[in-house]
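Visitor: I'd like a walk through this one, please. Show me the sequence and the coordinates, and then let's go question by question.

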Amino acid sequence: MNPVPPPPGYYQTLIADDPFWLTLIKVVIVFAALMLVTLFMIWFERRVVGRMQQRPGPNWNGPFGLLQSLADGLKLAFKEDVLPAARDRAVFFLAPVLSVVPAFVAWSVIPLGPEVSIFGEATALQLTDVPVGILVVLACSSVGVYGIVLAGWASGSPYPLLGSLRSAAQVISYELALGLSIIGVVLYAGSLSTADIVSAQQTGWYIWLLPVSFLIFAVSMVGETNRAPFDLPEAESELVGGFHTEYSSLKFALFFLAEYVNMVTLSAVATTLFLGGWMAPWPLSLIPGVNEGWLPLLWFFGKTLAFLFVYVWLRGTLPRQRYDQFMRLGWKLLIPVGLLWLVLVAALRVLRTELTTGQILIAGGVALVVLVGAALLLPDQAPPEEDPEPPVVADYPVPPLDLAVPPTPKRRRRAVTAAREEPEQGGETVTAGASREGDR
Amino acid sequence: MSAAGLVLSAAPVTGGGEMTTGEAVVFWILGPLALAGGLGMIFSRNAVHSALWLVMTMLSLGVLYVVQQAPFLGVTQIIVYTGAIMMLFVFVLMMVGRDASDSLVEVLRGQRLAAAVLGVGLGGLAVAAVADTLTAGGPVGLGPGYGPEARGNVVLLGSSIFLDYVLAVALSSFLLTAAALGALVYAFAGRPRRAASSQRARVTERLRGPLSGYGSRSGPGVFATADSVATPALLPDGSVAPASLSNIIEATRRERLDADIADVQSESGPAGDVDARALRGDGDGGGESGGDSGAGSTHDRLSAGDHGSTESETTR
C-alpha cells in the first residue's frame, strides 16, 4: 500500500508526456477491451439470469458457451438491414453512431491503474487525465442520449417516438440526481479529475464516507442506462421494442453495443468514485506492493464486475416500473434527498475547518436527539378505513362474498339415506354413486 | 474516440499566447465544422435538422474551449447547452411531428429585409468587437495560475461565483426558480385538482361504476343461470355433471348434492337413466377415465356413460 498519495495532477503530468505511439496503443487497447467486455457481458448476463431462472443458459458454443455472443454478433451483422420507408435518411443513420461513440469516449478518462512502465515509458494506466474528468463522463452520457432520441424520431413510427420521448425525459431527470451525487465526492476529493479522486480515497473509500451519495448514484445509474427495472424506453410489453423497434442488422447491433458499454462505463465510474478505483479492497490492501504495477487492473475489473453483476441481478429480479412511479422516484425522492445530503456534506466540510471533531459530534448528537423527540411528538397515523360494505356486484360473474347455501330439504336427505341403506331397491345407479363417493 | 482522446490529451501545457501545432490542427478542423453547423442550422428545412446542426456547432465550440485551456467551460458547455438545453429543444420539436414544416407565407411585411439588415449589422458589430481584441492586447488569464497547473481553473471560477459575486448569483437563481414556479402555476392553474384515487377506490369503481358491465361473460353456446363456482354444472340432459363437483368448495360438496343426483335418477325417467349410467360408468373402477379425480371432461364422462349403458343392458 502506498502510504503517501501523489500530489493532485501528478498523473496528468505523467500522462501528458506520453509519446504518440503510446497514446495510440492505449486507444486501441481500450477499444478492444470494451468490445471484448461487451461480448463477455452478454454471455455473463444470459448465464446469470439463466441460473436465476433454474436453467443453464447458453452453454454450447465454446467453453462454457463463451463464444455464444460472438456467434450472435456475427449473425446480427449478416442480417438484412431493413430500412423503414418513413425514415429520415441522415438521422436514421446518425443515431446509432451518436449513441455508440460517446459510450466509448467516456472510457478515456477512467483510471484503470497506477503508474506503470510500458516499453520503458513511465505512464499511468489511463488514456488521458483531464482536470475535469468526471464532467467528461457526464458530458458523454448527455450526448449519448441524442442517439436514443434521434433513433426514435427518425424511425417515423409512433412506438419508437414514444420510446425516445420517454428516454429523453428519463435521462434528463436522472442526470440531475447523478450530478448531485457526484458533487459530494468532488467536495471531499477537492478535484474533478478521476485520477485525483482515486488518489484521495487512499485513506478510505467514499462509499463509507458518503453512503447516501453512493445510493443515489447507484439508483440513477440504472435509470441513466435504461436498464431493468427502469428500461421504460424499450419496454417490450408497451412499446414493442421502444426506440430501436425499426432498427435491424448492424445498426441494431450498435445500439446493443452502446447499451452494454454504457453499463460498463457507469459501473467503472461508480468504482472510481466510491469504491476506490484500482485500489485493493481492505484485507488485501495490507499486503505491501498490492497497489503497484499491473495488479490493480485486477481489483478495478473485479469491482466493476461486481457492479455489473448487480445490474444483471436487478434485471433477473425486479419487474419494470410504471412510468409515473419512476418519475416520482427521480424527482420527488432522489433529487430532494440528494440536495439535502449535499447541504449536509457542505456544512460538515465548513464546520470541519472551524470546529473540532468532538464539537461536531456533540452538535450532531443534540440535533439527533431533537429530531427523534420531534418525531415522537408526531401523532400516529390513523388506521385505514375499513370498507363497511363488501363489494357485492350484480350482473358480474363472481360469487357474492356473503354467499350462504341453503341446506338441502329434509325430504331429499331422507330419500338419500334410504337409498343408501337399501341399495338393491334404489337400483344399481345409486349404489354406483355411493361407492364412487367412497372412492373419493 | 481517438480524436477526442487526442484532443483531451493535447490540451496545451504552454502558458503563453503562442499556438501549438495540435491547437492549430484542432482549430482548423473544428472551426469549419462550427461554421458549417451554423449555416446548416439556418438553411435546413427541417426543424430537427436545424437543431442538430446547432448541436454540432456547440460541440465544436466546447472542444475548442477545452483546447484553449478552459476545460471546465468546454465540458460545461457540452453538458448544459448540448445535453440539456438542446435536448429540450429536440424534445419539443419531436412533439411537433416529423412532417410539420413552417409556412413560407410572410406575415409581416418587409420582415426579411429588416432581418437581413439587422443580422448583418449584428454580425458587423460582433466581428468588430472581436477583431479589436485580436489586435489590441495579448492573451490574459493564461499561465500557471489558470491553466492545467491550476487544475482547470475550477477553483478560481468557484471562488469568483460563490465569494465575489454570490449575491448576483443567488438573485439570478431566485429569479429562475420563480420563473419555473410561475410556468408551473400557469400550466396547472385552470385545472381542477384531481383527487388521488387509491387502488381500492379504483377497484370499486371498476366493479360498481359505469364500467361494471364490461366483464367477461360465459362463452356463446353455454347455457347457464350462474357462473358461480358454487353452482354445479349441468350435463345436456339436465343432470349434474360430476366433474363440476368439488371436494374443496363447501357449496358443491358431493354429500350436499347427492339428493339432487337421486332426484334425477328416480324421477326424470330416461334422462335420469342416462345420468345414472354416466355416474356408474365412471365409478366402475376407473377403467377408462381414471375416475380418481373427477377431472375428466364431459366428453370423457359421456363416453364412459355409453360404455356403462351397454354394460347394464347386457346385465339386464
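Guide: Some vocabulary before the hairpin: helices (H or I, at least four residues) and strands (E, at least two) are DSSP runs, numbered from the N terminus. Two strands pair if DSSP finds at least two bridges between them. This is a predicted model, where local features need pLDDT of at least 70, side-chain atom pairs count only at pLDDT 80 or more, and totals for chains, interfaces and linings use all residues. Residues are numbered from 1 along each chain as its sequence is written, while chains are lettered from A and ligands numbered from 1 in the order in which they are written.

Visitor: Which residue takes a positive phi in the hairpin of strand 1 and strand 2 of chain A?

Guide: Strand 1 (residues 113-118) and strand 2 (residues 121-125) of chain A run antiparallel and pair over five bridges. S117(A) sits opposite A122(A), and I118(A) has E121(A) as its bridge partner. Two residues lie between the strands, and the one with a positive phi, near 50°, is F119(A).

Visitor: How many helices does chain A have, and how many does chain B have?

Guide: Chain A combines two strands with 18 helices. Chain B has zero strands, and its pattern along the sequence reads α-α-α-α-α-α-α-α-α-α-α. So by the DSSP-run definition, the helix counts are 18 for chain A and 11 for chain B.

Visitor: What percentage of the residues counts as buried in chain A and in chain B?

Guide: Buried means 20 or more other C-beta atoms within 10 Å of a residue's own; exposed means 12 or fewer, partly exposed is in between, and C-beta atoms are placed from the backbone. Chain A has 440 residues and chain B has 316. The buried percentages are 41% for chain A and 25% for chain B.

Visitor: What share of the contacts with a separation of 6 or more comes from residues 24 or more positions apart, in chain A and in chain B?

Guide: A contact here is two residues whose C-beta atoms, placed from the backbone, lie within 7 Å. By that count, residues 24 or more positions apart supply 77% in chain A and 50% in chain B.

Visitor: N226(A) has a positive phi although it is not a glycine; is N226(A) buried or exposed?

Guide: The phi is about 60°, and the residue lies in the loop between helix 9 (211-224) and helix 10 (236-239) of chain A. F64(A) is another non-glycine with a phi of about 60°, in the loop between helix 2 (20-52) and helix 3 (68-77) of chain A, but its 14 C-beta neighbours inside 10 Å make it partly exposed. N226(A) has 25 other C-beta atoms within 10 Å, so it counts as buried.

Visitor: How far apart are the C-alpha atoms of P84(A) and S155(A)?

Guide: P84(A) is in the loop between helix 3 and helix 4 (89-105) of chain A. Outside its neighbours within four places in sequence, P84(A) contacts S155(A), G156(A), S157(A) and E246(A). P84(A) and S155(A) are 71 residues apart along the chain, yet their C-alpha atoms are separated by 6.9 Å.

Visitor: What is the reach of helix 6 of chain A from its first C-alpha to its last?

Guide: The expected span is 1.5 Å times one less than the number of residues. Helix 6 covers residues 158-189, 32 in total, with 46 Å expected. Just after the helix, G190(A) takes a positive phi of about 70°. The reach itself is close to expectation, at 46 Å.

Visitor: Which residues are buried in helix 2 of chain B?

Guide: Helix 2 of chain B (residues 21-43) has 23 residues and reaches 33 Å, close to the 33 Å expected. An unreviewed UniProt entry annotates "transmembrane region" on several stretches of chain B, including residues 25-43; such positions are given in the numbering used here, feature names are shortened, and annotations may be inferred rather than shown by experiment. Residues 25-43 are 100% helix, with end C-alpha atoms 27 Å apart. The buried residues of helix 2 are V26(B), L30(B), A34(B) and G37(B).

Visitor: What is the mean pLDDT of chain A?

Guide: pLDDT is the predictor's confidence in each residue, from 0 to 100, and 90% of the residues of chain A reach 70 or more. Over residues 426-440 of chain A, though, the pLDDT is below 50. Where pLDDT is low, the predicted coordinates should not be read in detail. The mean for chain A is 81.
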